[in-house]
Amino acid sequence: MAAADVQTPSAEAAPALPDYLTDPDAVLKDSHAKWRYGQAPDYSKTRQVFAETKRMSHEAASLPQLVENLVKNWEVEASFKPSLADWRTIDAPNYSFAINGSAPQTAEHMLQQGTYNAIIAPNEYYSPAYSDFASSHKTFKRMMPTFAWEVLEVYSGPPTVAFRWRHWGTMKNDYVGFNKHRVSAPAHGGPIDIQGVTVATVDDRVRLREVRTWFDPLDMFRQMAPAGVVRREAVDKSLSPADALDSEVGVEMELRPRLAGDVETRLADGGLSGEELVDSVGCPFAGTRSDEAMAPFVGGWGVGGQV
């Protein structure tokens, strides 16, 4: 009697990882998506700078590389996909984003304000209140044509992923941005390199839900203008913020260091009050009187007025 053929049951194949985890450029290939400027952006120069100047070389398919790819694809979508229906890297109904303990914001908020405006607190060089999506991207992408990003360390895996990251580039062109005035700083041709920590929860498809990031939002500006010297000019309010970046204003308001006289020494020694600090540098948002300038920050000097 012939032996019956016996089929050995095959092991169940492991589900394939989403492409936005395995390919940093996955969403750039979304031909069906609506793109902010009519077509997918070109990240080739940024990817080249990343490959040539990154600090880490993560093993293929390792957790750090998967996290790195996820965040890179998320950044593309946040910057260039104007419809949330096209975002594949987030769990949209449950998604929120917060910086330095500030109130969480929705994806819609980031779409309206822009990625830069959503993460930068008002300061002497820049204020989201005086910039829109278009002008903010023009300001920073013109100053630093490539701004590479990498994961340095991952401390925990899904569903709560904690990691440290690095964002870097070269200041090749002058900085021009807005607070109450148009503010500019000359290009120094050197590096700008910032780091931070993010804790994010993900769903069962490894899409972002709650994203909480901590970093020093002034670090980039200190590296951009290390002497603390900037030029302030009047703004032609008849122009859009994007057009005002290129206008020939020609009205110089002031040119001065961030701290005057012995103020810097007293600040380092801890002997400078908040009122004296404001009086020493001026405030572009609420005049130069310390009582007026400090009014919006009663309760703390942290981001968004929170301690």
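Two strands are taken as paired if DSSP finds at least two bridges between them. The views below show a predicted model.

**View A. The hairpin formed by strands β2 and β3.** Strand β2 (residues 147-156) and strand β3 (residues 160-170) run antiparallel. Eight bridges join the two strands, and the hairpin passes from β2 to β3 through three residues. Among the residues to locate in this view is Glu150, whose bridge partner in β3 is Arg166. In a regular strand, side chains alternate between the two faces of the sheet.

**View B. The surroundings of Thr201 in strand β6.** Strand β6 comprises residues 191-202 and includes Thr201. Because its relative accessibility is 22%, Thr201 is classed as partly exposed; the buried class is reserved for values under 20%. When neighbours within four places in sequence are set aside, Thr201 is in contact with Pro159, Thr160, Arg207, Leu208, Arg209 and Glu210. Gly157 lies 44 residues from Thr201 in sequence, and the C-alpha atoms of these two residues are 9.4 Å apart.

**View C. Helix α3 and its cover.** Helix α3 spans residues 63-80 and contains 18 residues. At 1.5 Å a residue, the helix should span 26 Å, and the distance between its end C-alpha atoms, 26 Å, agrees with this expectation. The helix is mostly covered, with 14 of its 18 residues buried. One residue of α3 is Asn69, which counts as buried because its relative accessibility is 4%. Residues up to four places away in sequence apart, Asn69 touches Tyr20, Leu21, Thr22, Asp23 and Pro24.

**View D. The largest nonpolar core.** This core has 47 residues. Those with the most contacts inside the core are Trp74, Phe140, Met143, Tyr175, Leu208, Met220 and Phe221. Helix α3 gives the most to this core, contributing six residues. Apart from the largest core lies another, of seven residues, including Val27, Ala33, Tyr43 and Val76. In soluble globular proteins, nonpolar side chains tend to be buried together.

**View E. The contacts of Tyr175.** Tyr175 is buried, since its relative accessible area is 0%. Leaving out neighbours within four places in sequence, the residues in contact with Tyr175 are Tyr125, Tyr126, Thr139, Phe140, Met143, Val183, Ser184, Ala185, Phe221 and Met224. Tyr175 is also a member of one aromatic cluster, together with Tyr116, Tyr125, Tyr126, Phe140 and Phe221.

**View F. Aromatic pairs made by Phe140.** The count of aromatic pairs comes to twelve. In one of them, the rings of Phe140 and Tyr175 are tilted, with a centre-to-centre distance of 6.0 Å and an angle of 45° between the planes. Phe140 belongs to helix α6 (residues 133-143) and Tyr175 to strand β4 (residues 175-178), so this pair ties together parts that are 35 residues apart in sequence. Phe140 counts as buried because its relative accessibility is 2%. The ring centres of Phe140 and Phe221 are 6.2 Å apart, and this pair is edge-to-face because the planes meet at 70°, the class requiring an angle over 60 degrees. Phe221 lies in helix α7 (residues 219-224) and Phe140 in helix α6, so the pair ties together parts that are 81 residues apart in sequence. Phe221 is itself buried, as its relative accessible area is 0%.

**View G. The setting of Ser135 in helix α6.** Ser135 is placed in helix α6. With a relative accessibility of 0%, Ser135 counts as buried. Residues up to four places away in sequence not being counted, Ser135 touches Pro241, Ala242 and Leu245.

**View H. The whole protein chain, for orientation among the close-ups.** The protein chain has eleven helices and nine strands. Of its 307 residues, 43% count as buried. Its accessible surface comes to about 16,100 Å², of which 54% belongs to carbon and sulfur atoms. Among contacts between residues at least 6 apart in sequence, 63% join residues at least 24 apart.

Conventions:
Residues numbered from 1 in each chain as written. Predicted model: local features only at pLDDT ≥ 70, side-chain atom pairs only at ≥ 80, totals over all residues. Heavy atoms only, no water. Helix = DSSP H or I, 4+ residues; strand = E, 2+ residues; numbered from the N terminus. Expected span 1.5 Å × (residues − 1). Buried < 20%, exposed > 50% of the residue type's maximum accessible area, 1.4 Å probe, protein only. Contact = heavy atoms within 4.5 Å. Areas by Shrake-Rupley, 256 points an atom, 1.4 Å probe, with all protein chains shown as cover. Core = buried A, V, L, I, M, F, W, Y, C linked by side-chain atoms within 4.5 Å. Phe/Tyr/Trp six-rings, centres within 6.5 Å; stacked < 30°, edge-to-face > 60°.
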